[in-house]
Amino acid sequence: MSNYVLWLILAAFIIAVLAAVAGNLLWRLRLQTQAEKAALQQAEQESLAEQIDAQQGIEVLARCYLGGQVGGSELALRIAVLAETARRDRNYLKDTAVFSEMAAALAHIPTHQAWKSLSAEQRAKYSTEMALLEGKYSEQIRAAATAIVE
């Protein structure tokens with residue numbers, strides 16, 4: 001065999017090896033793309049489920065408020081948090097805006113364990129402040145809660 005034929009065989013072998021490597025890389029890229037697509041779909045489904053759960057939670061809280069089972073301050077704080085997850089159309093966001101506004105006004109008031117550690121005098125002061133805010137927002141909260149449950 002001549003040198004020319006050996007070089008052609010070597011070149012063909014190198015091309016075959018490179019083609020195999022490229023094919024392998026393309027296959028792995030395809031698998032990775034499919035895995036990322038599946039993960040994205042799973043994340044979207046989980047996000048949608050969280051949105052639905054948050055919307056249902058908001059509706060339950062609104063019904064409880066209208067039934068006198070939850071106070072306005074607690075309602076505002078809870079719905080403000082849930083509304084961030086329950087993103088829907090503009091009208092829904094408009095209905096929940098009052099809760100976010102009231103929650104912002106209540107943000108400085110301690111909750112949970114911090115509330116328990118307050119003195120009776122401090123709790124009374126904050127309770128008075130909460131009652132004033134509930135009075136200020138009463139009509140708006142009732143209208144928003146009614147709009148949510150309808």
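1. Leu31 sits in helix 1 of this predicted model. With a relative accessible area of 39%, Leu31 is classed as partly exposed, because that value falls between the 20% and 50% cut-offs. If you want a distance to check in your viewer, try Leu31 and Gln122: these residues are 91 apart along the chain, and their C-alpha atoms are separated by 61 Å.

2. Two other residues of helix 1 are handy for the same kind of check. Val21 belongs to helix 1 and is partly exposed at 44% relative accessible area. From Val21 to Lys116 the C-alpha separation is 66 Å, with their positions 95 residues apart in sequence. Gln42 is also found in helix 1 and counts as partly exposed, at 41% relative accessibility. The C-alpha atoms of Gln42 and Ser117 lie 42 Å apart, and the two residues are 75 apart in sequence.

3. What does helix 1 look like end to end? Helix 1 covers residues 3-66, which is 64 residues, and runs 93 Å from first C-alpha to last, close to the expected 94 Å. Its buried residues are Ala54, Gln55, Ile58, Leu61, Ala62 and Tyr65. Just after helix 1 comes Gly68, where phi is positive at about 80°.

4. Stepping back to the overall picture, the protein has five helices and zero strands, in the order α-α-α-α-α along the sequence. The radius of gyration is 30 Å, where a compact globule of 150 residues would be near 15 Å. Along the principal axes, the C-alpha atoms occupy a box of roughly 105 × 40 × 20 Å.

5. Some totals to go with that outline: 21% of the 150 residues count as buried. The protein exposes about 10600 Å², and 59% of that area is supplied by carbon and sulfur atoms. Taking contacts between residues at least 6 apart in sequence, 68% join residues at least 24 apart.

6. Helix 5 deserves a careful look. Helix 5 spans residues 120-149 and has 30 residues, yet its end C-alpha atoms are only 36 Å apart, against 44 Å for a straight helix. Where is the bend in helix 5? The bend is at Tyr137, and comes to about 60°. Tyr137 is also one of the buried residues of helix 5, listed with Tyr126, Leu133, Ile141, Ala144, Ala145 and Ile148.

7. Helix 2 makes a useful comparison for the span check. Its 14 residues should span 20 Å at 1.5 Å a residue, and the end C-alpha atoms are 20 Å apart, so the two values agree. Buried in helix 2 are Gly72, Ser73, Leu75, Ala76, Ile79, Ala80 and Ala83. For reading such lists, recall that an α-helix has 3.6 residues a turn, so residues three or four places apart point the same way.

8. Which residues touch the most other members of the largest nonpolar core? They are Leu75, Phe99, Met102 and Ile141, in a core of 24 residues. Helix 1, helix 2 (72-85), helix 3 (90-106) and helix 5 are the elements giving two or more residues to this core. Helix 5 provides the largest share, seven residues.

9. Phe99 is a good place to centre the view on that core. Leaving out residues up to four places away in sequence, Phe99 touches Leu75, Ala76, Ile79, Ala80, Ile141, Ala144, Ala145 and Ile148. Of these, Leu75, Ala76, Ile79 and Ala80 are among the buried residues of helix 2, while Ile141, Ala144, Ala145 and Ile148 are among those of helix 5.

10. Is Thr96 buried or exposed? Thr96, which lies in helix 3, is buried because its relative accessible area is 3%, under the 20% cut-off. With residues up to four places away in sequence left out, Thr96 touches Ile79, Ala83 and Ile148. Ile79 and Ile148 also appear in the contact list of Phe99.

11. One last backbone point concerns His112. His112 lies in helix 4, residues 112-116, and has a positive phi of about 50° although it is not a glycine. The relative accessible area of His112 is 67%, so the residue is exposed. I would set His112 beside Gly68 when you go through the backbone angles, as Gly68 has a positive phi too, of about 80°.

Conventions:
Residues are numbered from 1 along each chain as its sequence is written. This is a predicted model: local features need pLDDT of at least 70, side-chain atom pairs count only at pLDDT 80 or more; totals for chains, interfaces and linings use all residues. Side-chain values use heavy atoms; hydrogens and water are left out. Helices (H or I, at least four residues) and strands (E, at least two) are DSSP runs, numbered from the N terminus. The expected span of a helix is 1.5 Å times one less than its number of residues. The bend at a residue is the angle between axes fitted to the seven residues ending there and the seven starting there. Buried means under 20% relative accessible area, exposed over 50%, partly exposed in between (1.4 Å probe, protein chains only). The radius of gyration is taken over C-alpha atoms; the globule rule is 2.2 Å times the number of residues to the power 0.38. Contact means heavy atoms within 4.5 Å. Accessible areas come from the Shrake-Rupley method with a 1.4 Å probe; for residues, only the protein chains shown count as cover. A nonpolar core is a set of buried Ala, Val, Leu, Ile, Met, Phe, Trp, Tyr and Cys residues joined through side-chain atoms within 4.5 Å.
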